[in-house]
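The following exercises concern a predicted model. Please work through each task before reading its solution.

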Amino acid sequence: MSLGNCEIYEVGPRDGLQNEEREIPVRDKIALIDCLSRAGFNRIEAASFVSPKRVPQMAGSGEVLAGISRAAGVRYAALAPNMQGYRDACRAGADEIAIFASASEGFSKANINASIAESLERFAPILEEARHIDLPVRGYVSCVVACPYDGAVAPAQVAEVADKLFAMGCYEVSLGDTIGAGTPDSVARMLLAVRDVVPVGRLAGHFHDTNGRAIENIDAALSLGVRVFDAAVGGLGGCPFAPGASGNVATETLARHLAALGYETGLDPEVIAEAAALARSMRTQPEPAQ
Ligand SMILES: CC(C)(COP(=O)([O-])OP(=O)([O-])OC[C@H]1O[C@@H](n2cnc3c(N)ncnc32)[C@H](O)[C@@H]1OP(=O)([O-])[O-])[C@@H](O)C(=O)NCCC(=O)NCCSC(=O)C[C@@](C)(O)CC(=O)[O-]
């Protein structure tokens with residue numbers, strides 16, 4: 001019996017690759033995105049216009065967006081931390097922008113060298129300009145359960161930042177368990193608080209699998225009505241500013257799990273397997289094919 005649709009938002013080419021130490025050639029990133037473009041995703045996070053000194057792996061983002069073969073109906077997203085990043089992303093032809101805030105001050109400072117309040121001030125003109133050209137902006141809240149610098153994060157703090165991003169015009173707010181500290185209980189407590197201020201249909205879950213609980217946490221989020229989940233093909237990833245954070249939940253694992261539960265993702269498992277093999281081959285320490 002079908003339980004309806006669930007969307008996987010593919011973040012492998014950005015959240016996945018940004019943490020790899022080995023320099024990955026632009027042509028390899030393009031090949032991965034082109035493969036993912038055949039898999040049936042609506043949205044693929046393909047690029048990040050941040051400081052190349054802070055995240056060297058994302059330095060070729062403009063060339064990546066210029067080189068991909070765009071598939072009809074797929075939106076290619078790019079991260080932008082400030083107006084400079086926003087303008088670069090627009091010039092490169094990003095179809096949507098992702099801004100990224102944190103629920104904890106420690107991570108905000110380490111990640112983007114700004115307090116939470118300062119980061120929201122930086123994002124305001126992005127939302128303003130994007131609104132004029134009908135460019136969708138997605139908002140991230142990181143550290144929704146715990147922060148590698150400040151420890152446990154209260155659900156009310158997450159709700160406050162999610163509320164602000166939504167009120168500023170983000171069409172969707174993705175809730176990031178950046179260091180995979182969540183449990184089904186802590187994720188549910190956090191979501192209950194956030195659901196009070198942002199409609200659940202505008203929320204997405206972004207679960208890193210550091211402690212092997214991403215799937216359980218996704219189940220908790222599903223039971224509270226979340227139907228969009230970020231995932232990285234091959235389980236790539238992590239954040240350079242969150243020590244110990246490992247990859248996102250793997251797209252192929254999540255797609256299988258959702259299908260077994262009865263949700264439709266519209267993804268082609270064979271193409272996903274092909275992309276996962278490609279992604280794994282790009283790892284600094286490549287893993288054997290599964
Ligand atoms: C945010 C900044 C830029 C502030 O950086 P800053 O040092 O405060 O900024 P600044 O304005 O003083 O600029 C410093 C230098 O960066 C340059 N710069 C300034 N802006 C840009 C830009 N847009 N693109 C390219 N260069 C830029 C600027 O031109 C200058 O260059 P310099 O004069 O030294 O040669 C910096 O701290 C940064 O780039 N941080 C990296 C943040 C990042 O990419 N983090 C990883 C992604 S977030 C994440 O992974 C979490 C998430 C989203 O996946 C969800 C989850 O799991 O929780």
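**Exercise 1.** Determine whether Asn113 is buried, partly exposed or exposed, and describe its place and backbone.

*Solution.* Step one is to count neighbours: 13 other C-beta atoms lie within 10 Å of Asn113. A residue is buried at 20 or more such atoms and exposed at 12 or fewer. Asn113 is therefore partly exposed. Step two is to locate the residue: Asn113 belongs to the loop between helix H5 (105–112) and helix H6 (116–132). Step three is the backbone: the phi angle of Asn113 is near 55 degrees, a positive value in a residue other than glycine.

**Exercise 2.** Carry out the steps of this analysis for Asp134.

*Solution.* Asp134 has 6 C-beta neighbours inside 10 Å, and it therefore counts as exposed. Asp134 lies in the loop between H6 and strand E6 (137–142). Its phi is near 55 degrees, a positive value in a residue other than glycine.

**Exercise 3.** Compare the expected span of helix H11 with the distance between its end C-alpha atoms, and establish how its buried residues are arranged.

*Solution.* Helix H11 covers residues 269–281, which is 13 residues. At 1.5 Å a residue, the helix should span 18 Å. The end C-alpha atoms are 18 Å apart, in agreement with the expected value. The next step is to list the buried residues of H11, which are Ile272, Ala275, Ala276 and Ala279. Viewed down the axis of H11, these residues fall within an arc of 105 degrees, so they line one face of the helix. Finally, the packing partners of the buried residues of H11 are helix H1 (12–16), helix H2 (26–36) and helix H10 (251–261).

Definitions and conventions:
Residues numbered from 1 in each chain as written. Predicted model: local features only at pLDDT ≥ 70, side-chain atom pairs only at ≥ 80, totals over all residues. Helix = DSSP H or I, 4+ residues; strand = E, 2+ residues; numbered from the N terminus. Expected span 1.5 Å × (residues − 1). Arc of directions from axis to C-beta. Contact = placed C-beta atoms within 7 Å.
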